[in-house]
Amino acid sequence: MSAGLLEQRLGALPPDWAVVRLGELPLKSAVGYGITRPGPHADDGVGMVRAADVQDGRIRPDQARLVSRQVDDAHARSRIAAGDVLVVMVGRVGEAALANGEFQGWNISRTVGRVSLADDAPVAPDWLAAWLNSSLARAWCAARATGSTLQRTLNLAALRELPVPVPPRAQAREFLRLLAVVEQKSEVDRAIVRTAPQVADAWFRAETAGEPPGPVFGELARISIGSRVRPHPESGESVGPCVPSVPVVAPADILQSELAHLRHIGAEQAAAPDMPLCPPGSLLVAAREGGVHVVVNDQVVAPGRGVLVLEPAFEDDRYWLLHGIRCRAADLASTAQGAGGREISHRAFAAATTAWAPAHVRARFAEVAGRLHARARTAAEEIGTLTALREALFVEFLAGGSVRRGGFVTGGGVQEGLFGVE
């Protein structure tokens with residue numbers, strides 16, 4: 001979506017609305033980011049929210065990063081208070097979450113910005129968070145981000161310039177109620193996306209409990225390392241209409257995938273005769289601090305630099321190897337090297353062992369795990385539909401639509417049912 005569309009939408013707001021820059025809103029403290037050097041994990045320390053912890057408009061620390069109290073004290077200005085809006089500044093720039101009481105007293109990392117609105121601000125924190133998560137605001141932030149494809153960075157000066165629409169408070173409250181209904185359904189689907197593969201993980205652990213180490217990955221799959229550099233979105237590189245193209249998968253695509261099946265891929269490159277490609281059904285692995293993440297690709301892709309590829313020797317073993325890697329994610333971090341442990345060693349990974357079982361056990365596991373993954377994919381598709389609905393509601397609201405009992409009132413009248421709230 002073009003960032004210029006935001007200016008067009010804001011130029012057509014109802015007359016009783018206003019527009020202010022984020023930095024012009026009354027604040028309790030200056031907009032800022034957090035800890036630059038967190039130091040080692042401290043078991044008795046203070047929680048720190050990182051960019052990866054801000055997902056789907058919520059704070060989701062799968063494995064909370066704890067910093068020492070000395071580090072926290074040195075960064076007291078970035079401590080979180082309930083009602084603060086946290087904004088991703090590196091990676092998925094602009095994505096935001098509203099901090100609730102659970103995160104009172106936590107701190108934030110350098111990759112997260114904090115906006116603490118004053119009580120007399122013309123917009124409420126939940127409206128600001130909802131606006132930041134709209135496709136209009138996200139496109140505006142993305143257009144002003146700098147840096148590499150994997151480390152796109154939004155600086156604080158740019159964030160302060162973000163235009164923020166200011167609707168009448170009563171209308172904003174009703175609209176946020178409507179968004180909450182959509183979000184409740186989305187949250188159910190996200191739970192399915194997360195837990196369906198976890199059920200397969202649990203079954204895998206049960207089947208392999210007490211078993212001795214099995215064969216090494218190098219004996220079970222063809223393993224390679226990607227080397228493609230994905231084109232920068234602003235490089236101007238394009239694929240001609242008569243030139244075959246292929247998606248280039250970067251580590252960030254894998255690490256940020258909500259599914260165990262890769263759906264969202266950033267950019268394409270023209271296919272070259274010497275370009276190594278991964279067939280559908282390959283396992284793509286990327287590393288980050290504390291572990292590795294693995295997905296299955298559903299289409300032909302080119303692995304980017306830092307992506308390890310496993311092509312299982314037998315189709316029935318795909319899900320077995322997938323969950324074998326998932327269940328050893330933390331241990332397999334030892335196969336990575338380089339800055340932040342992000343470069344997986346082909347040799348080290350190929351020499352790592354995985355749990356094994358008789359062929360009939362693996363075949364049965366593949367059948368049931370396949371059904372669980374299919375259910376997760378259906379839920380992900382529903383999330384996509386609800387996301388599109390959320391954006392449509394935003395467009396209608398910015399155009400002057402208002403929420404009424406039983407429907408969403410637009411210029412064309414009441415839209416029954418789909419937009420209705422009780």
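Biologist: What does the protein chain contain in the way of helices and strands?

Modeller: In this predicted model, the protein chain has 11 helices and 24 strands. Buried residues account for 48% of its 422 residues. Among contacts between residues at least 6 apart in sequence, 76% join residues at least 24 apart.

Biologist: Let's take the five-stranded sheet. What makes strand 12 and strand 14 the edge strands?

Modeller: The sheet is open, with the order 12-19-16-17-14 and mixed pairing. Strand 12 (221–225) and strand 14 (261–262) each pair on one side only, and that puts them at the edges.

Biologist: How do you know that strand 12 and strand 19 pair, and in which sense?

Modeller: Pairing takes at least two bridges, and these two strands have five, in the antiparallel sense. Strand 19 covers residues 308–312. Ser224 has Val309 of strand 19 as its bridge partner, and Ile225 stands opposite Leu308.

Biologist: And what joins strand 16 to strand 19?

Modeller: Three bridges, with the strands running antiparallel. At least two would do for a pair, so strand 16 and strand 19 count as one. Here Leu284 sits opposite Val309 in strand 19.

Biologist: Why is strand 19 called largely enclosed?

Modeller: A residue is buried when its relative accessible area is under 20%. Five of the five residues of strand 19 meet that, so the rest of the structure largely encloses the strand. Leu308, Leu310 and Pro312 point one way, Val309 and Glu311 the other way, and all are buried.

Biologist: What makes helix 9 "mostly covered"?

Modeller: Helix 9 spans residues 318–327, and eight of its 10 residues are buried. The buried ones are Arg318, Tyr319, Trp320, Leu321, Leu322, His323, Gly324 and Ile325.

Biologist: Which helix is it that meets helix 9 at Trp320 and His323, and where are the contacts?

Modeller: That's helix 6. Pro197, Gln198, Ala200, Asp201, Phe204, Arg205, Glu207 and Thr208 of helix 6 meet Trp320, His323, Gly324, Arg326 and Cys327 of helix 9. By class, the contact residues are five nonpolar, four polar and four charged.

Biologist: Why are helix 6 and helix 9 described the way they are, perpendicular or parallel?

Modeller: The axis of helix 6 (residues 169–208) comes within 9 Å of that of helix 9, and they cross at roughly 90 degrees. Angles from 65 to 115 count as roughly perpendicular, so that is the term for helix 6 and helix 9.

Biologist: Now helix 3 and helix 11. What makes that pair parallel or perpendicular?

Modeller: Helix 3 (residues 125–132) and helix 11 (residues 359–398) pack at an angle of about 115 degrees, with their axes 12 Å apart. The roughly perpendicular class runs from 65 to 115, so these helices are roughly perpendicular to each other. Their crossing is left-handed. Trp127, Ala130 and Trp131 of helix 3 make the contact with Arg390, Phe394, Phe397 and Leu398 of helix 11. Six of the contact residues are nonpolar, none is polar and one is charged.

Biologist: Why are helix 1 and helix 4 called oblique?

Modeller: The axes of helix 1 (residues 4–11) and helix 4 (residues 135–143) come within 8 Å and cross at roughly 135 degrees. Roughly perpendicular covers 65 to 115 and roughly antiparallel needs over 145. The angle fits neither, so the pair is oblique. The crossing is left-handed.

Biologist: Which residues of helix 1 and helix 4 meet?

Modeller: Leu5, Leu6, Glu7 and Arg9 in helix 1 meet Leu136, Ala137 and Trp140 in helix 4. They divide into five nonpolar, no polar and two charged; Glu and Arg both count as charged.

Biologist: One last sheet: how do you know that strand 3 and strand 9 pair?

Modeller: Two bridges join strand 3 (residues 46–49) to strand 9, and the strands run parallel. The cut-off is at least two bridges, so strand 3 and strand 9 count as paired. Met48 stands opposite Asn107 in strand 9. The sheet is open, in the order 6-3-9, with mixed pairing. Strand 6 (65–67) and strand 9 (107–108) are its edge strands, each pairing on one side only.

Definitions and conventions
Residues are numbered from 1 along each chain as its sequence is written. This is a predicted model: local features need pLDDT of at least 70, side-chain atom pairs count only at pLDDT 80 or more; totals for chains, interfaces and linings use all residues. Side-chain values use heavy atoms; hydrogens and water are left out. Helices (H or I, at least four residues) and strands (E, at least two) are DSSP runs, numbered from the N terminus. Buried means under 20% relative accessible area, exposed over 50%, partly exposed in between (1.4 Å probe, protein chains only). Axes are lines fitted to C-alpha atoms, for helices over the stretch in contact, and angles run from 0 to 180 degrees between N-to-C directions. Angles under 35 degrees count as roughly parallel, over 145 as roughly antiparallel, 65 to 115 as roughly perpendicular and the rest as oblique. A crossing is left-handed if the near helix is turned anticlockwise from the far one by less than a right angle, and right-handed if clockwise. Contact means heavy atoms within 4.5 Å.
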